[in-house]
Structure formats: structure tokens, C-alpha cells
Amino acid sequence: MKLTYYGHSVFIIEDNNFTGIIDPFIKGNSSCSQSIKDIPKLTHIFVTHGHGDHIGDTVELAKRDDALVVCNAEIGRYLSKQGVKVHTMHIGGRIKLDFGKIKMTPALHGSGIQIGDKTYDGGNPGGFIFYLKNKIIYHAGDTGLSMEMKLLAEENIDIALLPIGGNYTMDIDDAVKAVEFIKPKISIPMHYNTFELIKADPNEFKEKVKNTEVKIINFGDSIEI
Ligand code: NI
Ligand code: MN
């Protein structure tokens, strides 16, 4: 199984018949040197919340690959009007898809969908737990530190993808506390250095996390998981 990081909150998980992208913010993502045509053919797209740096290029990619978009009901309503195939769910919901199970987790954040000068209701922001064949991966979305993360310790998470950039989400010190709450085997920092306001040093996060492995994936790189 392969995990690729395109900077910001963009990850691609590739397993046998499953290629899923999370929060596909490709165009305008200063951390991402790839373009839409570099993105492999997708089976699924997962959207954590409605902000532009997360919905990103969902519509274009979903149409290109006829991929199923998994998101909350409000974002789903907006996306299906764009002619995209969606599966909607909500926080706390756990569903079985052909590649494994997925659960939507809460996030402390906003989710409005901004299109030009119009804002559409994006429902509640969230994150996802992916229960794949051999790995359990948690993508936190954009969130502040929350007590809800203590519940995740019971999910036996192998890999936690956590924002560290601050300002809009947890900063490094709070992300360190999140690792203590979640107790994943491996933590991977995300949502940093794309904008001036979320500048953070992932090595500082790595140094501050005790007793848990931190893997920093360079923008554009893949790791085997
Ligand atoms: Ni956001
Ligand atoms: Mn964001």
C-alpha cells in the first residue's frame, strides 16, 4: 500500500483496486508541484470540509475519473448539483465501501463553501478514519485539539495525519497533545507552509513528539505503508 503526500492536506492512498485522494487541493496549492494530469486515476475522493483548500479540484477530478466523492450531506448537496457522484454521510457514521470501512470524525473548524462572492452551507467539518485491509489511517481534516480525539485511542490507528500549521488549526504544541490522545503508531504532519499564516517546522513537531514515530513526507513523495 502506498501513501503519497502532495502538501497541505492532500494525500493519495493506493491499495489494490483502490486509489483514493483526500482533500484534492492541486491548483493554487503552493506546496504541490503536480498538476491535475499527474494525479493517478481515482476511484474515490474524500472531502473533509467545504473550504477551498480542501474541496479544491474535487469536481474536475471526480468528473475526469467518474470517482465517487465521500463527504457530508451539505457538501454532497452542493457537489451533486455540479454533476458529481456522491456518497454522503455524517459525523459518527461508519460505512462499508468496496475497499474497506470508513468513519467520519468530528473536527473543530468551519466548512462554508465559498464560490466567488457566494457562500454555500458546507455543514459540519470532519475528518476520516480509513479501515483498510492492513492499515487504519486517520486524516484529521482541519481541526483544533479536542477531547474527542481521546476516543480515537480505541480505534488502534496506525497512521495519523495531523495539521500542525496553527492559525486555522492545531499548532505544533497542540498536535503533540493530539498524538498523546490518539496514540497512533505513526504520525505524519500536514497543513503547514502552504501559506504564510501556517508556517511551521515539521522537524520541531518530530522533536516534540515523544514515544511515537513521526514521519515527515516531503511534498510530492510517497511512502510504502
Ligand atoms: Ni479549513
Ligand atoms: Mn485548510
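# Two metals and a mixed sheet

User: Let's start with K215: what is its relative accessible area?

Analyst: Happy to begin there, keeping in mind that this is a predicted model. Buried would need a value under 20% and exposed one over 50%. K215 is partly exposed, so its value falls between those limits. The relative accessible area of K215 is 28%.

User: Which residue meets the side chain of K215 in a salt bridge?

Analyst: The contact runs from N to O over 3.8 Å, and the cut-off for a salt bridge is 4 Å. The partner counts as partly exposed, at 40% relative accessibility. That partner of K215 is E213.

User: Where does K208 lie, and which residue is its salt-bridge partner?

Analyst: K208 belongs to helix α5, residues 202-208, while its partner sits in helix α4, residues 172-182. The pair therefore ties together parts that are 35 residues apart in sequence. K208 is partly exposed at 33%, and the partner is partly exposed at 42%. The two side chains meet at 2.8 Å, N to O, and the partner is D173.

User: How many residues apart in sequence are the parts that E155 and K103 tie together?

Analyst: The side chains of E155 and K103 meet in a salt bridge of 3.3 Å, N to O. E155 lies in the loop between β12 (136-139) and β13 (159-163), whereas K103 is in strand β8, so the pair ties together parts that are 52 residues apart.

User: Are E155 and K103 buried or exposed?

Analyst: The limit that matters here is 20% relative accessible area, under which a residue counts as buried. E155 has 14%, and K103 has 17%. So E155 is buried, and K103 likewise counts as buried.

User: Which residues are linked in a network of salt bridges, and how many salt bridges are there by this rule?

Analyst: The network links K27, D57 and E60. For the structure, the count of salt bridges comes to 12.

User: Turning to the metals, which residues coordinate the nickel ion (ligand 1), and what is the arrangement of their donor atoms?

Analyst: The nickel ion (ligand 1) is coordinated by H49 (NE2), H51 (ND1), H109 (NE2) and D142 (OD), at 2.2 to 2.3 Å. Along the chain these donors follow the spacing H-x1-H-x57-H-x32-D. The 4 donor atoms subtend angles of 86 to 174°, so the arrangement is irregular.

User: For comparison, what is the ideal angle for four tetrahedral donors?

Analyst: To count as tetrahedral, four donors need all their angles between 85 and 135 degrees. Around the nickel ion (ligand 1) the angles reach 174°. The ideal angle for four tetrahedral donors is 109.5 degrees.

User: Which protein residues are donors to the manganese ion (ligand 2)?

Analyst: The spacing of these donors along the chain is D-H-x87-D-x48-H. They lie 2.1 to 2.3 Å from the manganese ion (ligand 2). The donors are D53 (OD), H54 (NE2), D142 (OD) and H191 (NE2).

User: How far apart do the two metal ions lie, and which residue bridges them?

Analyst: One residue appears among the donors of the nickel ion (ligand 1) and also among those of the manganese ion (ligand 2). The two ions lie 3.2 Å apart, and the bridging residue is D142.

User: Of H49, H51, D53 and H54, which one is partly exposed?

Analyst: H49 is buried at 0%, and H54 is buried with 0% as well. D53 is buried too, at 13%. With a relative accessible area of 24%, the partly exposed residue is H51.

User: What are the edge strands of the open sheet?

Analyst: This sheet has 7 strands with mixed pairing, in the order β7-β8-β11-β12-β13-β14-β15. An edge strand here pairs on one side only. The edge strands are β7 and β15 (213-214).

User: How does β7 connect to β8, and which residue of β8 is the bridge partner of I95?

Analyst: A hairpin joins β7 to β8 through 2 residues, and the strands pair in the antiparallel sense over 4 bridges. In β7, I95 and L97 make up the covered face, with R94 and K96 on the uncovered one. The bridge partner of I95 is I102.

User: At about what angle does α4 run to β13?

Analyst: β13 runs parallel to strand β14 (residues 186-190), joined to it by 5 bridges; there, P163 stands opposite M190. Helix α4 lies across β12, β13 and β14, and its angle to β13 is about 155°.

How values were computed:
Residues are numbered from 1 along each chain as its sequence is written. Chains are lettered from A and ligands numbered from 1 in the order in which they are written. This is a predicted model: local features need pLDDT of at least 70, side-chain atom pairs count only at pLDDT 80 or more; totals for chains, interfaces and linings use all residues. Side-chain values use heavy atoms; hydrogens and water are left out. Buried means under 20% relative accessible area, exposed over 50%, partly exposed in between (1.4 Å probe, protein chains only). Two strands pair if DSSP finds at least two bridges between them. Donors are N, O and S atoms within 2.8 Å of the metal (3.2 Å for Na, K and Ca); water is not among the atoms, so sites may look incomplete. Four donors count as tetrahedral if all angles lie between 85 and 135 degrees; four count as square planar and six as octahedral if opposite donors are over 155 degrees apart and all others between 65 and 115; anything else is irregular. Contact means heavy atoms within 4.5 Å. Axes are lines fitted to C-alpha atoms, for helices over the stretch in contact, and angles run from 0 to 180 degrees between N-to-C directions.
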